[in-house]
Amino acid sequence: MALYATAASVLANVESRRGSIKGLVYASSFQNVKQLYALVCETQRYSAVLDAVIASAGLLRAEKKLRPHLAKVLVYELLLGRGFRGGGGRWKPLLDRHQARLKAELARLKVQRRVSRNEDLLQVGSRPGAASQVPRFVRVNTLKTSSDDAIDYFKRQGFSYQGRASSLEDLRALKGKCFLLDPLLPELLVFPTQTDLHDHPLYQAGHLILQDKASCLPAMLLAPPPGSHVIDACAAPGNKTSHLAAFLKNQGRIFAFDLDAGRLASMATLLARAGVSCCELAQEDFLAVSPSDQRYRQVQYILLDPSCSGSGMPTRQLEEPGTGTPSKARLQALAGFQQRALRHALTFPSLQRLVYSTCSLCQEENEDVVQDALQQNPGTFRLAPVLPSWPHRGLSSFPGAEHCLRASPETTLTGGFFVAVLERVEVPSSVPQAEASAPEISLSAAPRKKRRPRRTVAPRTLPPTEQEGKR
Ligand SMILES: C[S@@+](CC[C@H](N)C(=O)[O-])C[C@H]1O[C@@H](n2cnc3c(N)ncnc32)[C@H](O)[C@@H]1O
């Protein structure tokens, strides 16, 4: 295999923790071991910078056949390495076409980060630095107010509204008391990084939810229509549940499960404050929720946002910079649960659409979990091709993984995140459509056979917790 293809394959395996660089380089049977080793090490060292440049230049969108790891190696060689000394083969003309744009994006990154040398990007481009540039995203809770009213309120308080952003650059440039509407999400306001709205009256009254943009993607991509029945499988502390309720306009039903009593208590507070009235909370293991229970016969939408390593959370990276790499044992345990939960979710008989999300950067918790579920359900579920213009896609670990979305401070100005949308290939014949889509507004508790108490959301007086603002 040629140098660049071999380097890309070693890099992919290193990122998937299938071995050390050294071991994989020796196992590759590539003759010039030293050259291959140096190229992989350097590409990996600049990985975050390369991700940012490749994303902002739109390289993978323009060149669909170019796989992300190979793109990284080639762009490293073009911009930071030795400029295709080995010839570059068939990839050189392709990279030549994008050379000017890639160079311009690298230059822009240096201007933005106020550095002049490529090496200096390594310090300021490392995760904590990039994480500290993520703006403050604020979701307008449409159960209580509208974007226009929230914008007017901020204007009256002396904030300067700059309109809808047209690119991530507009978000990066935000300063002082300026704010914008996000270019993608219609109800998302964007403020400069340092803005703290925890004491703001609109937040206290539940009109605003402090929620990172990436964490708004799951509900937005599930988009259950009013009247539908939805399961939020691992729901606390409930930011995504309240977003789902906004899509439902409080019409229909959300069955929200979580194991953790403390987090459920915070969630009850959050949902009450957000004006959510269509949600039933249950302290229950989602794996023990029976898909054949009649209560869930109309559930066509499931949001599965399970416990994960949290390796993509900017707050965690800022506070504990080493935490991006969970141990192998922890990853295995988490991935095992995530796999079981996703397989289980796909057995709900009326399910049409499911969103799987994590705030992890690890392939084991993301693409691998989705691939396993698709392999378990051949021909029944497929990945929906969502948000084609989103710049950061799933790692190409299986065919179609590019339909998954990734997010990071470097590429999307958000926390690190992963989202996959699975949709049923065929409508199950056992569910009469009229019944499945009939609006269901009643909240009366259905007869229940099981264990732990279930409750509908009631106002509480507990103060908001830290977690509410985080995801
Ligand atoms: C990533 S958090 C969910 C965040 C939430 N979706 C939100 O947006 O606010 C994962 C949650 O899964 C819960 N969990 C873990 N194992 C579970 C299980 N077997 N069944 C239900 N919930 C579980 C945890 O207690 C935790 O609250």
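Here are some short exercises on this predicted model, each with a worked solution.

Residues are numbered from 1 along each chain as its sequence is written, and side-chain values use heavy atoms, without hydrogens or water. Since this is a predicted model, local features need pLDDT of at least 70 and side-chain atom pairs count only at pLDDT 80 or more, while totals for chains, interfaces and linings use all residues.

**Exercise 1. Where does Cys-359 sit, and is Cys-359 buried or exposed?**

Step 1. Start with the record: the unreviewed UniProt entry places the feature "active site" at Cys-359. UniProt positions follow the numbering used here, feature names are shortened, and annotations may be inferred rather than shown by experiment.

Step 2. Find the element. Cys-359 lies in the loop between strand E10 (353–358) and helix H18 (367–376). Helices (H or I, at least four residues) and strands (E, at least two) are DSSP runs, numbered from the N terminus.

Step 3. Check the accessibility. Buried means under 20% relative accessible area, exposed over 50%, and partly exposed in between (1.4 Å probe, protein chains only). Cys-359 has a relative accessible area of 4%, so Cys-359 is buried.

**Exercise 2. Trace the chain from E7 to E8 and give the handedness of the crossover.**

Step 1. Pair up the strands. Strand E7 (residues 253–258) and E8 run parallel, joined by five bridges; DSSP has to find at least two bridges for two strands to pair. Phe-255 has Glu-280 in E8 as its bridge partner.

Step 2. Follow the path. From E7 the chain goes through helix H15 (residues 261–273) to E8, a right-handed β-α-β crossover. Right-handed means that, with the strands pointing away from the viewer, the path from the first strand over the helix to the second runs clockwise.

Step 3. Look at what is covered. Four of the five residues in strand E8 (residues 279–283) are buried. In H15, the buried residues include Leu-264, Met-267, Leu-270 and Leu-271.

**Exercise 3. What marks the two ends of H15, and what span does H15 reach?**

Step 1. Take the N-terminal end: Asp-260 caps H15 there, with a side-chain oxygen 2.9 Å from the backbone nitrogen of Gly-262.

Step 2. Move along the helix. H15 has 13 residues and reaches 18 Å from its first C-alpha to its last, close to the 18 Å expected at 1.5 Å a residue. That expected span is 1.5 Å times one less than the number of residues.

Step 3. Just past H15, Gly-275 takes a positive phi of about 75 degrees.

**Exercise 4. Which geometry does each of the pairs Tyr-161 with Phe-179 and Phe-255 with Tyr-296 have?**

Step 1. Set the rules. Rings of Phe, Tyr and Trp (its six-membered ring) pair if their centres lie within 6.5 Å; planes under 30 degrees apart are stacked, over 60 edge-to-face, and the rest tilted. The whole structure has 14 aromatic pairs.

Step 2. Tyr-161 and Phe-179 are tilted, at 5.2 Å centre to centre with 45 degrees between the planes. The pair links strand E2 (residues 160–164), home of Tyr-161, to strand E3 (residues 178–181), home of Phe-179, 18 residues apart. Tyr-161 is partly exposed because its relative accessibility is 27%, whereas Phe-179 is buried at 0%.

Step 3. Phe-255 and Tyr-296 are edge-to-face, at 5.0 Å centre to centre with 85 degrees between the planes. Phe-255 is in strand E7 and Tyr-296 in the loop between E8 and strand E9 (299–304), 41 residues apart. Phe-255 is buried at 0%, and Tyr-296 is buried at 1%.

Methods. A polar contact is a pair of N or O atoms within 3.5 Å; within protein, one must be able to donate a hydrogen and the other to accept it, and residues adjacent in sequence count only if both atoms are side-chain atoms.
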